[in-house]
Amino acid sequence: TVAKKNNSDYFPGNLGFDPLGMYPKDLEGQKQMQLKEIKNGRLAMIAITAFAVQEFVSKIGIIDETPVFFKPLGEVLHSYTNSGYLQ
């Protein structure tokens, strides 16, 4: 596989797995895709930090505070209608 450190084509994250062929073939496109991946990872780290801060401040777990994002929609709507939240 490509994921060997002694291979000159290796870079971190390159596992040689691209079943849809979405990784660009040209160098400029590859650099742009790598930058997008780094930005996506940084945004994810900011989001999880914000979740932790929200839990710390509100003393309510993020899953309990925003169940729409973490629980099945049917279950959320059922609990809202049975609790009097929705009229």
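## A walk along the four helices

Start by selecting Lys59, which sits in the loop between helix H1 (27-58) and helix H2 (62-65). Helices here are DSSP runs of H or I with at least four residues, strands are runs of E with at least two, and both are numbered from the N terminus. What you have open is a predicted model, where local features need pLDDT of at least 70 and side-chain atom pairs count only at pLDDT 80 or more, while totals for chains, interfaces and linings use all residues. Residues are numbered from 1 along each chain as its sequence is written, and side-chain values use heavy atoms, with hydrogens and water left out.

Stay on Lys59 for a moment. Just after H1, its phi turns positive, at about 60°, and this is a residue other than glycine. Is Lys59 buried or exposed? Lys59 is exposed, because its relative accessible area is 64% and the cut-off for exposed is over 50%, with buried under 20% and partly exposed in between (1.4 Å probe, protein chains only).

Now zoom out to the whole chain. You should find 4 helices and 0 strands, in the order α-α-α-α along the sequence. Of the 87 residues, 7% count as buried.

Try colouring by pLDDT, the predictor's confidence in each residue, from 0 to 100. The chain has a mean of 84, and 89% of its residues reach 70 or more. Confidence is highest in H1, at 93, and lowest in H4, at a mean of 81. Where pLDDT is low, don't read the predicted coordinates in detail.

Next, select H1. Its 32 residues reach 47 Å from the first C-alpha to the last, close to the 46 Å expected at 1.5 Å a residue; the expected span is 1.5 Å times one less than the number of residues.

From H1, pick out Phe51, then add Phe70. Their rings form an aromatic pair, edge-to-face, with 6.0 Å centre to centre and 65° between the planes. (Rings of Phe, Tyr and Trp, using its six-membered ring, pair if their centres lie within 6.5 Å; planes under 30 degrees apart are stacked, over 60 edge-to-face, and the rest tilted.) Phe51 lies in helix H1 and Phe70 in helix H3, so the pair ties together parts 19 residues apart in sequence. Phe51 is partly exposed at 31% relative accessible area, and Phe70 is partly exposed too, at 37%.

Keep both selected and add Met45, Ile48, Ile63, Val68, Phe69, Leu73 and Leu77: together these make a nonpolar surface patch of about 900 Å². Which elements give two or more residues to the nonpolar patch? They are H1, helix H3 (67-70) and helix H4 (73-83). Click on Leu73, found in helix H4; Leu73 counts as exposed, at 53% relative accessibility. (Patch residues have over 30% relative accessible area and no salt bridge; like charges are joined within 9 Å, and nonpolar side chains, meaning Val, Leu, Ile, Met, Phe, Trp and Tyr, within 5 Å. A salt bridge is a side-chain nitrogen of Lys or Arg within 4 Å of a carboxyl oxygen of Asp or Glu. Areas come from the Shrake-Rupley method with a 1.4 Å probe, and for residues only the protein chains shown count as cover.)

Last stop: Thr66, in the loop between H2 and H3. Thr66 is partly exposed, at 21% relative accessibility. Draw a line from Thr66 to Val76, C-alpha to C-alpha, and you get 9.7 Å in space for 10 residues apart in sequence.
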